[in-house]
Amino acid sequence: MMSFIHVLDGVELHPPVSDVSCSGLAARLEKCRMLTEIAGNYLDEGANPFHGVEACNEALEGHGSEIGSMLRHECLCTRAALLLKIVIAGDYCAVPPPQGIAG
């Protein structure tokens, strides 16, 4: 059976593993911290926010119960800001600019 590994900005995204060891937990925490940092960079740089949302989703879905409340909170807030950015960008595309006041 083949297994495909997704790569986002050089960070390999693996499915969650049920075996938890101390070194494995530390590595997953570091990976989630890096994914959250990458997502924050997408938010700050104005790049494609969908990539940042995917980074947050990977951290939360794969390791949400292991990462701790502070990192989870940061990741959730970053994802919310990225989603808001997507919605706002979509609104600007859908709504024509104002034409001025007709008098």
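Okay, so let's start at N57, which sits in helix 2, the stretch covering residues 49-63. Keep in mind as we go that this is a predicted model. Is N57 buried or exposed? It's buried, with a relative accessible area of 15%; the cut-off for that label is under 20%.

Who does N57 touch, if we skip residues up to four places away in sequence? Two partners come up there, G62 and R79. And if you want to get your bearings in the viewer, look for L35: along the chain L35 and N57 are 22 residues apart, and their C-alpha atoms are separated by 9.2 Å.

Now, one step back from N57 in the numbering, let's talk about C56. C56 has 0% relative accessibility, so it counts as buried. On the other side of this pair we've got C75, also a residue with a relative accessible area of 0%, and therefore buried as well.

So how many disulfides do we count here? The count comes to 0. C56 is in no disulfide, and the nearest cysteine sulfur to it, the one in C75, is 3.7 Å away. Why no bond, then, looking at it from C75? Because the closest cysteine sulfur to that of C75 is the one in C56, and at 3.7 Å that's too far for a bond. For a disulfide, we'd want the two sulfur atoms within 2.5 Å.

Alright, zooming out to the whole chain. You've got 3 helices and 2 strands, and if you walk along the sequence the order goes β-β-α-α-α. That puts both strands ahead of the helices, and helix 2, where we found N57, runs over residues 49-63.

A few overall numbers before I stop. The chain has 103 residues, and 30% of them count as buried; N57, at 15% relative accessible area, is one of the buried ones. The accessible surface is about 7,200 Å², with 63% of that belonging to carbon and sulfur atoms. And on contacts: take the ones with a separation of 6 or more, and 58% of those are between residues 24 or more positions apart.

Terms used:
Residues are numbered from 1 along each chain as its sequence is written. This is a predicted model: local features need pLDDT of at least 70, side-chain atom pairs count only at pLDDT 80 or more; totals for chains, interfaces and linings use all residues. Side-chain values use heavy atoms; hydrogens and water are left out. Helices (H or I, at least four residues) and strands (E, at least two) are DSSP runs, numbered from the N terminus. Buried means under 20% relative accessible area, exposed over 50%, partly exposed in between (1.4 Å probe, protein chains only). Contact means heavy atoms within 4.5 Å. Accessible areas come from the Shrake-Rupley method with a 1.4 Å probe; for residues, only the protein chains shown count as cover.
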